[in-house]
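Work through the exercises below with the sequence and the 3D view side by side, and try each task before you read its solution.

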Amino acid sequence: MLSCAKGLVTVLAVGFLLPIASAAVFAQGNPPPSRGYYTKSQAAAGRAIFNQTCAICHGHHLQGGVGPALAGKEFLSVSQFQQITAEYFYHFMSTHMPLTDPGSLTKTQYLDLMAYFLATNGYASGPNELTANDEELKAIKIEPQQ
Ligand code: HEC
């Protein structure tokens, strides 16, 4: 009986502490980017392409419309919970978007769009261009920025 109670306490403690521990990991966010994630000119070019090609469905502020939101607190929290990285969004948009003509833009245009997407979600710019390197894209977690 005693050991049974102990077991229960352990189960309760683990069930209670694990979410707290993982929340602490989640709350950390990306390491402060010393060199940023993309250049300002990439984001500016991405903005122009987005407004022309994507905003009709995703909204001019990426807030969503016919298509889902691609920015904002709720979007970032859900992405964080699902552990989504920039690599997923880059490949999704470059193969599925724009919905009416998937994959119709150039690689440079999709990278510019990613830069604008990161900029709108609060990621810092810097001297280095965002590239289509899968490992680097995977290292960019999509989550709320401090
Ligand atoms: C005609 C409307 C339309 C246009 C134009 C459009 N999208 Fe979408 N987009 C959607 C819809 C609807 C979905 C959800 C479909 C799905 O998940 O399969 C979506 C999904 C996405 C997603 C995935 C979101 C998520 O949370 O999984 C991304 C990223 C995206 N679009 C980016 C873009 C970009 C960048 C462009 C412009 C090049 C664009 N879209 C143009 C309608 C559109």
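**Exercise 1. Find the residue just after H6 that takes a positive phi, and then describe the helix that precedes it.**

Solution. Just after H6, the residue with a positive phi, of about 90°, is Gly 122. This is a predicted model, in which local features need pLDDT of at least 70 and side-chain atom pairs count only at pLDDT 80 or more, while totals for chains, interfaces and linings use all residues. Residues are numbered from 1 along each chain as its sequence is written, and side-chain values use heavy atoms, with hydrogens and water left out. Helices (H or I, at least four residues) and strands (E, at least two) are DSSP runs, numbered from the N terminus. Helix H6 covers residues 107-120, and its 14 residues reach 20 Å from the first C-alpha to the last, close to the 20 Å expected at 1.5 Å a residue, where the expected span is 1.5 Å times one less than the number of residues.

**Exercise 2. Determine which residues of H6 are buried and which helices they pack against.**

Solution. Buried means under 20% relative accessible area, exposed over 50%, and partly exposed in between (1.4 Å probe, protein chains only). By this rule, the buried residues of H6 include Tyr 110, Leu 111, Met 114 and Phe 117. Next, look for contacts, meaning heavy atoms within 4.5 Å: the buried residues of H6 pack against helix H2 (40-53), helix H4 (73-81) and helix H5 (86-96).

**Exercise 3. Work out how H2 and H6 are oriented to each other.**

Solution. Axes are lines fitted to C-alpha atoms, for helices over the stretch in contact, and angles run from 0 to 180 degrees between N-to-C directions. H2 and H6 pack at an angle of about 100°, with their axes 7 Å apart. Angles under 35 degrees count as roughly parallel, over 145 as roughly antiparallel, 65 to 115 as roughly perpendicular and the rest as oblique; the two helices H2 and H6 are therefore roughly perpendicular to each other. Among the residues making this contact are Ala 43 and Phe 50 of H2, and Leu 113 and Tyr 116 of H6.

**Exercise 4. Identify the protein donors of the iron atom of the ligand and locate them in the chain.**

Solution. Donors are N, O and S atoms within 2.8 Å of the metal (3.2 Å for Na, K and Ca), and water is not among the atoms, so sites may look incomplete. The protein donors of the iron atom of the ligand are His 58 (NE2) and Met 97 (SD), lying 2.0 to 2.2 Å from it. This pair links distant parts of the chain, with His 58 in helix H3 (residues 55-58) and Met 97 in the loop between H5 and H6, 39 residues apart. His 58 is buried, with a relative accessible area of 10%.
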